[in-house]
Amino acid sequence: MSGLVETDIVTLSRFILAEQSKVPGASGEFTLLLNSLQFAFKSIAYNIRRATLINLMGLAGASNSTGDDQKKLDVIGDEIFINAMRASKNVKVVVSEEQEDPILFSGNGRYCVVCDPIDGSSNLDAGVSVGTIFGIYRVKEGSEGTVDDVLRPGTEMVAAGYTMYGASANLVLTTGSGVNGFTLDNSLGEFILTHPNMKIPNKRSIYSVNEGNSQYWDEKTRGYFESLKFPKDGSKPYSARYIGSMVADVHRTLLYGGMFAYPADSKSKNGKLRILYEGFPMAFLMEQAGGLATDGKRRMMEIVPTTIHQRTPVWLGSKGEIEKAMEALK
Ligand code: AHG
Ligand code: MN
Ligand code: MN
Ligand code: MN
């Protein structure tokens, strides 16, 4: 080994092949699916980077089934993602934030993918980090691929993650045995393993919530955040950090520790975030990194969704911080 340059780079494809060998009986199908996923991330990253140059910013002039105004990049990201999943020949069902109904593909794919093509899109025009969030289920034994294959608890997901389009494109992924982070090397066109075996710190005095909703919170929610800002035990108040893109707020929480919440409130009794393609993937990552994720009362991953755009309150982050929050909400 010359030691002059890194000559044994671990790419995402190589990492997944190594992972695959740990899963008895796993075929190369999953590796192929992840290759299609990473193409989608690269293509979305490319379009986001040049959006300002070719007037891709701004509204598309339509809204989606959860009532969000769609940005042009929401629509473009959605099309890129769906086309990549169709081309993979490995996918039977796709659920997207931007599609009213599930998309069913023919063929004998063995996977279902739920996704938020562009998370944080309201921040896009301001140049704030946005991302793509995804979760993967295997098609149930004997199923031809229907909506029932995705109306399942997060505990049945086989993989999940996000790609955040910040200064670089960061892919954070779990396949159920820990969390690993990859950074897109634009010149190689490869995601490179840069954050092996990510673990969230058990405690950190950072809270991340939209305080503009405070007047709509219930008493216990308000009391919990007040206790962080005006600690009764004389300890230092917590720092507030809120970007407004879930991917960016969760990425910071995973790296630094702390807690992120989008609580239920009197305006929306199930909060704003959607369980399938925002809640579950982030909850899966948090648990795999040693953190916790609840809906304010119970473990989020055990919830069984009944509709594909169902919302859930989200409380996630460091184990010590979420335990403290759940105590306050009792
Ligand atoms: P999306 O852009 O995919 O619709 O998601 C937006 C979400 C999430 O990214 C973020 O945590 C939350 O909206 C912010 O909502 P507020 O602006 O109400 O705080
Ligand atoms: Mn949206
Ligand atoms: Mn989102
Ligand atoms: Mn979105």
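**Entry 1: the manganese ion (ligand 4)**

I began with the order of the donors along the chain, and for the manganese ion (ligand 4) I noted the spacing E-x18-D-x1-I. I recorded at once that the model is a predicted one. I then looked up which atoms take part: E97 (OE), D116 (OD) and I118 (O) coordinate the manganese ion (ligand 4), at 2.0 to 2.3 Å. I checked two of these residues for accessibility and found that D116 and I118 are both buried.

**Entry 2: the bridge**

Which two ions does E97 bridge? I found that E97 joins the manganese ion (ligand 4) to the manganese ion (ligand 2), and that 3.6 Å lie between these ions.

**Entry 3: the manganese ion (ligand 2)**

I next listed the protein donors of the manganese ion (ligand 2), which are D68 (OD) and E97 (OE), 2.1 Å from the ion. I located D68 in the loop between β1 (59–63) and β2 (69–71), and E97 in the loop between β3 and β4 (103–104); the pair therefore ties together parts that are 29 residues apart in sequence.

Is E97 buried or exposed? I entered E97 as buried, because its relative accessibility is 3% and the limit for that class is under 20%. For D68 I read 23% relative accessibility, so I entered D68 as partly exposed.

**Entry 4: the manganese ion (ligand 3)**

I turned to the manganese ion (ligand 3) and found its coordinating residues to be D116 (OD), D119 (OD) and E278 (OE), at 1.9 to 2.1 Å. Along the chain I wrote their spacing as D-x2-D-x158-E. I placed D119 in strand β5 and E278 in helix α6 (residues 275–288), so this pair ties together parts that are 159 residues apart in sequence.

I noted D119 as buried, since its relative accessible area is 5%. E278 is also buried, with a relative accessible area of 1%. I recorded a separation of 5.4 Å between the manganese ion (ligand 3) and the manganese ion (ligand 2). D116 appears in two of my entries, as a donor to the manganese ion (ligand 4) and as a donor to the manganese ion (ligand 3).

**Entry 5: the two domains**

I then looked up how the protein chain is divided. The domain assignment gives domain 1 (12–197) and domain 2 (206–329). Taken over C-alpha atoms, the centres of domain 1 and domain 2 are 23 Å apart. By these bounds I placed D119, a donor to the manganese ion (ligand 3), in domain 1 and E278, another of its donors, in domain 2.

**Entry 6: the interface of the domains**

How many residues of domain 1 are in contact with domain 2? I noted 47 residues of domain 1, in contact with 32 residues of domain 2. Between them the domains bury about 2800 Å², and 69% of this area is on carbon and sulfur atoms.

I looked for charged pairs and noted two salt bridges across the interface of domain 1 and domain 2. R274 forms a salt bridge with D68, and their closest N and O atoms are 3.4 Å apart. I added that D68 is also a donor to the manganese ion (ligand 2). Polar contacts between domain 1 and domain 2 amount to 17 residue pairs, with both residues at pLDDT 80 or more.

Lastly, I listed the elements that give two or more residues to the side of domain 1 that touches domain 2: β3 (91–96), β5 (111–119), β6 (130–138), β7 (159–165) and β8 (169–174). I marked β6 as giving the most to that side, with six residues.

Note on methods
Residues numbered from 1 in each chain as written. Chains lettered and ligands numbered in written order. Predicted model: local features only at pLDDT ≥ 70, side-chain atom pairs only at ≥ 80, totals over all residues. Heavy atoms only, no water. Donors = N, O, S within 2.8 Å, 3.2 Å for Na, K, Ca; no water. Buried < 20%, exposed > 50% of the residue type's maximum accessible area, 1.4 Å probe, protein only. Domains from an automatic or database assignment. Contact = heavy atoms within 4.5 Å. Buried area = accessible area lost by both parts, 1.4 Å probe. Salt bridge = Lys/Arg side-chain N within 4 Å of Asp/Glu carboxyl O. Polar contact = N/O pair within 3.5 Å; in protein donor to acceptor, adjacent residues only side chain to side chain. Helix = DSSP H or I, 4+ residues; strand = E, 2+ residues; numbered from the N terminus.
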